[in-house]
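Please look through the sequence and the structure below, and then follow the explanation one part at a time.

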Number of protein chains: 2
Amino acid sequence: MGNWEDYVRKVEPYVPGEQPDAARMIKLNTNENPYPPAPGVLRVLREYDGNRLRLYPAPDCKPLVEAIAEYYGLKPEQVFTGVGSDDVLAMIFLTFFNAKQPVFFPDITYSFYDVWAGMLRIPYETKALDEDFRIRPEDYYGENGGVIFPNPNAPTGILMELSAIRDILDHNRDVIVVVDEAYIDFGGESALPLIDEYDNLLVVQTFSKSRSMAGMRIGYAMGNERLIRYLNDVKYSFNSYTMTQLSLALGVEAVRDRAYFEETRQKIIATREWTKGELRGLGFTFGDSMSNFIFARHESVPAEEIFAALREQNIYVRHFNSERIRNYLRISIGTPEEMEALIRFLRGWLA
Amino acid sequence: MGNWEDYVRKVEPYVPGEQPDAARMIKLNTNENPYPPAPGVLRVLREYDGNRLRLYPAPDCKPLVEAIAEYYGLKPEQVFTGVGSDDVLAMIFLTFFNAKQPVFFPDITYSFYDVWAGMLRIPYETKALDEDFRIRPEDYYGENGGVIFPNPNAPTGILMELSAIRDILDHNRDVIVVVDEAYIDFGGESALPLIDEYDNLLVVQTFSKSRSMAGMRIGYAMGNERLIRYLNDVKYSFNSYTMTQLSLALGVEAVRDRAYFEETRQKIIATREWTKGELRGLGFTFGDSMSNFIFARHESVPAEEIFAALREQNIYVRHFNSERIRNYLRISIGTPEEMEALIRFLRGWLA
């Protein structure tokens, strides 16, 4: 064996939530939407001319970019799309986080941020959430190479007010500030209106949660035209054709159907609020989640034991084995029937 | 405006071939396959349960990885898949090209290599092809940080014998050697059998050309299990879910249908050989392409003039405005009817 291993980029990769494939399971572990994609998505899929798959997709993702721009009242030049928001965020790290100062993000947050920083050799510093798992804006005042946080935060589900985001932006005019809004459609207020005011703000969203399209890998960033142009330059230096023909065609339909989007997200919000009440009654405590999951711990039973018991019933939730949150479970919001089954089992098992 | 622009990764992005969308055009500019995907692909697309799109795809791309492994008689642990071979190659650059010594590749070659190196700040050195556009193995003997070349080479279409590849491998045991076989199915001999012998060899292929699936973005690398594991570690540090549910499902069908694959690639080879004869008769010269394109120049008419005349007829070919190859056109092989239309026009126009 040669010495080639000396030159390998060695990383500690992100471990994605398991994707079990049991016939009868209740899958509440990766925050997928329990409802199918919009009817238009299913129709275009059925009618799609498969012969077109021999052709490259539009490298500028034009149809999808235009549909997203129209939905939010933006110019297409203000929208960047990628293979899920992970791809979009990785491109943002690569494009904008090149300073010597550390990038700031919370200590409890989306577990990919430190993985990207590690892989790309980007210095970073985590800022501890307060005891109620809230982000303290003043922690982000110091000199840094960029700021990123999810809103609502993951895996806590805690929402930050727009005034607090504005506070962070006002103290960070010389670096890129990224608000990762994967879960914003479940009750939060988007920072999108601030992009006109702050030329260093990027708002990232995804079709994987509120638009029921995790399987098609669609994420997007919105910001001022110059930011989007820089992002596209790097994307074109990495892979010109990232989005499949079908992601573009189906994504357009997903974003067009406002009525279905409203209906399904309201259903999920209602189920979440019902679930909160039930969990509380069973002795769980949690912050006031504004996402499509609840991050909860039980007053007396360790999270790991509950996790194992649920798993035996083919009910999958997520457990993170890391400091401060070891005793919590992240429970995605499924259909009312799925959540009832979860509560029914917990009620019996905890009794 | 703040100083954030100081920290932007500024790059000279790759300019992809144009993707015109005219109603009646002959598209011979991006080496797409003129035939539709295998019948099984179209069947699975028609029958696909769109409700599944709400779920994340398998992060390990298992069904597709297993189908590719089975096709080539490999273990699944020897196969890595990505969003087109561009994604696979970008991951290879990121994972393996981290030495201080320059990576070697030909001066005339796939125009993405220097773009990736530039973006990722990887030192590189190009090695001039000889006068007949052939790679000289001895140019790759010196100390380097890795070696990459397409076989057949792009955009020349010239094939290197396996003995020459073995020669390069024998002189490079301490770095990763990548053979980029995007066009190998059109008449070349794959270096795949050498992966057992050389633990530093990666063979990269794609579904975009010989499998008529450019629109679904499927590429793959084959090599020893340790190489594939390193690649997956970096992939999981970048984006865990890169391949859409549909790319996985349709890709499996594309790789399973050996008969259709044989039939269509033989048709393209036959059309290519016919086209060579006709072009020769019209005063074009070119190396003996073993790919699904011909890289040709005319004995008296400048390439740019031919390019413009074809374009006016809605016949799109590719012209690279770079040194040594400015007077060449890269003409993809379409259907017999498309190539007859091309030849008919050229015959009249050149007369």
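What covers the buried residues of H7(A)? Before the answer, a word on the model is needed: it is predicted, so that local features need pLDDT of at least 70 and side-chain atom pairs count only at pLDDT 80 or more, while totals for chains, interfaces and linings use all residues. Residues are numbered from 1 along each chain as its sequence is written, and chains are lettered from A and ligands numbered from 1 in the order in which they are written.

Helix H7 of chain A (helices, H or I, of at least four residues, and strands, E, of at least two, are DSSP runs numbered from the N terminus) is made of twelve residues, 245-256, and reaches 17 Å from its first C-alpha to its last, which is close to the 16 Å expected at 1.5 Å a residue; that expected span is 1.5 Å times one less than the number of residues. Ten of the twelve residues of H7(A) are buried, where a residue is called buried if 20 or more other C-beta atoms, placed from the backbone, lie within 10 Å of its own, exposed if 12 or fewer do, and partly exposed in between. Among the buried residues are A:Leu246, A:Leu248, A:Leu250 and A:Val255. The cover over the buried residues of H7(A) includes helix H1 (39-47) and helix H2 (62-72) of chain A, together with helix H7 (245-256) of chain B.

That last helix leads to the contact between the chains. Here 72 residues of chain A and 71 residues of chain B take part, two residues being in contact if their C-beta atoms, placed from the backbone, lie within 7 Å. On the side of chain B that touches chain A, at least two residues each come from helix H1 (39-47), helix H3 (84-96), helix H4 (113-119), helix H6 (225-236) and H7 of chain B, and the largest share, seven residues, is supplied by H3(B).

How are the two copies related? Chain B is superposed on chain A by a rotation of 180° with 0.0 Å of shift along its axis, at an RMSD of 0.0 Å, the fit being by least squares on the C-alpha atoms of residues with pLDDT of at least 70 in both copies. The two copies are therefore related as by a two-fold rotation axis. In chain B, the C-alpha nearest the axis belongs to B:Arg46, 2.8 Å from it. The same surface serves both copies, since 100% of the contact residues of chain B recur in chain A.

Within chain B, three strands form an open sheet in the order S9-S10-S12, with antiparallel pairing; two strands pair if DSSP finds at least two bridges between them. Strand S9 (284-286) and strand S12 (329-332) of chain B stand at the edges with a single partner strand each, so one side of each has no neighbour in the sheet. S9(B) is joined to strand S10 (residues 293-298) of chain B by three bridges, and B:Phe286 has B:Ala296 in S10(B) as its bridge partner.

Another strand of chain B, S8 (residues 219-222), is covered on both faces: B:Gly219 and B:Ala221 on one side, and B:Tyr220 and B:Met222 on the other, are all buried. S8(B) pairs in the antiparallel sense over four bridges with strand S2 (residues 79-82) of chain B, and it also pairs in the antiparallel sense over four bridges with strand S7 (residues 201-206) of chain B.
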